[in-house]
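Q: I should like to learn how to read individual features of a protein model. Could we begin with the contacts of a single side chain?

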Amino acid sequence: MPAASHVRSVTETQQAHLDEAERLMTVCNSCRYCEGLCAVFPAMEMRRAFGTGDLTYLANLCHNCGACNSDCQFAPPHEFNVNVPKVLAEVRNDSYARYVWPGFLAPMFHRNGLMVALIASLSVAAFFFGFAVWHDPDVLFGTHSGPGAFYRIMPHNTMVAIFGVAFLWSVLAVIISCVKFWRDIGEPSETLRDPRALAGGAHDAATLKYLDGGGVGCMNESDKPDDNRRLFHHLTFYGFMLCFAATAVGTVWHYALGRDAPYPWWDLPVVLGTLGGIGITIGPLGLLAAKFRRDPQLMDEGRKGMDVAFILMLFLTGLTGLALLVLRATPLMGTMLALHLGFVLGFFVTMPYGKFMHGIFRGLALVRYAAEKRRHLG
């Protein structure tokens, strides 16, 4: 398959990662012992040469289950030094920066990602807190209940304006990054209109089909496989989707039915948001614990801060949302609302500039794999 024609310039460090990935894929293509473990190796076998676009595609197709490292006879300390999970993680993390829009924000999460995310969220929370104090301190620390209680802290239209701008900016930045990624991996745009490719990629992404080490489970801190990372990924992803659904239903409730938040605990937006909040609290906690126990040989240690920032942002969003639910009829409601909205807005603002993009790029890679698998294998 020919290399992509839109490949963007890379830094010296990124080129070194690509060169090492090309070396490993050449070795692996000669061995093929791991071809049954995941989608990376069958996709590799469809190629004789590996351009930048091909390597970026394979790196984002990798789920970092670690099984190939455990099975490989050439893994460190062998002189061939074949470490596919770590090298593909480096190429994958490079791709987030290479396709980011606007480009000057690329270094945002390379170093101290956790601190950047926390400062952004806490600063926004301080803004909400300050707005409410300036507007009316008694309102902030008062007890409010019933429909419209949240909007006594900050008017609904002000909330919508702030979050609408942040959300639209993030969506625009994500779309532009995806267009750059898709062009560079060299797949025709027709694939994105192929219902079979879309369905196949969506199925593999939704089930995390390739985070199972070929069926035995994921390797983390040892060669003993388990499905813990897969479970925590599911809790995080579906928790996030439930929270998004809660927001969507709440929007319909507000504009179509004329009903103001907060809603009763049994109402659909609250039920969806509670289940989603539990998911994005437990899931990220599990992923964070697994991250700190993970074998360093499987990781891109230089970008660990970016990973931790994303996981912690989700966790704090879920935790403050659940706390707001519990405390919404108390004098702490205003403070918790400011903190929760701060973390939500901080998440939206930083979303295109960190680990969130791994899910988007991996989904696109799985769509491409579903299409090319059918083209090559029938």
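A: The model shown here is predicted. A useful starting point is a pair of polar atoms: the backbone oxygen of Asn64 lies 2.5 Å from a polar atom of the side chain of Arg294. The side chain of Arg294 also has a polar atom 2.9 Å from the backbone oxygen of Met219.

Q: Where is Arg294 placed, between which helices?

A: Arg294 belongs to the loop between helix H11 (268-293) and helix H12 (304-327).

Q: Is Arg294 buried or exposed?

A: Burial is judged from relative accessible area, with under 20% counting as buried. Arg294 has a value of 5% and is therefore buried.

Q: Which residues does Arg294 touch, not counting those up to four places away in sequence?

A: With that exclusion, Arg294 touches Asn64, Cys65, Gly66, Cys218, Met219, Asn220, Arg229 and Met299.

Q: What is the phi of Asn64, and where does Asn64 lie?

A: Most residues other than glycine have a negative phi. Asn64, which is not glycine, has a positive phi near 60°. Asn64 is in the loop between helix H3 (52-61) and H4, and it is buried, with a relative accessible area of 9%.

Q: What is the phi of Leu208?

A: Leu208 likewise has a positive phi, near 50°. Leu208 lies in the loop between H9 and H10 and is buried, at a relative accessible area of 12%.

Q: Which peptide bond precedes Pro77, cis or trans?

A: Most peptide bonds are trans. The bond from Pro76 to Pro77 is cis, with omega near 15°; Pro77 is in the loop between helix H4 (67-71) and helix H5 (84-98). A cis peptide bond also joins Ala261 and Pro262, with omega about 0°. Pro262 is in the loop between helix H10 (228-257) and H11.

Q: How should the packing of H9 and H14 be read, and at what angle do they pack?

A: One considers the angle together with the distance between the axes. Helix H9 (residues 195-207) and helix H14 (residues 356-377) pack at about 125°, with axes 7 Å apart. The two helices are therefore oblique to each other, and their crossing is right-handed.

Q: Which residues of H9 and H14 meet?

A: From H9, Arg196, Ala197, Leu198, Gly200, Gly201, Asp204 and Ala205 meet Leu366, Val367, Ala370, Ala371 and Arg374 of H14. By class, this contact of H9 with H14 has 7 nonpolar, 2 polar and 3 charged residues.

Definitions and conventions. Residues are numbered from 1 along each chain as its sequence is written. This is a predicted model: local features need pLDDT of at least 70, side-chain atom pairs count only at pLDDT 80 or more; totals for chains, interfaces and linings use all residues. Side-chain values use heavy atoms; hydrogens and water are left out. Axes are lines fitted to C-alpha atoms, for helices over the stretch in contact, and angles run from 0 to 180 degrees between N-to-C directions. Helices (H or I, at least four residues) and strands (E, at least two) are DSSP runs, numbered from the N terminus. Angles under 35 degrees count as roughly parallel, over 145 as roughly antiparallel, 65 to 115 as roughly perpendicular and the rest as oblique. A crossing is left-handed if the near helix is turned anticlockwise from the far one by less than a right angle, and right-handed if clockwise. Contact means heavy atoms within 4.5 Å. Ala, Val, Leu, Ile, Met, Phe, Trp, Tyr, Cys and Pro count as nonpolar, Asp, Glu, Lys and Arg as charged, and the others, Gly among them, as polar. Buried means under 20% relative accessible area, exposed over 50%, partly exposed in between (1.4 Å probe, protein chains only). A polar contact is a pair of N or O atoms within 3.5 Å; within protein, one must be able to donate a hydrogen and the other to accept it, and residues adjacent in sequence count only if both atoms are side-chain atoms.
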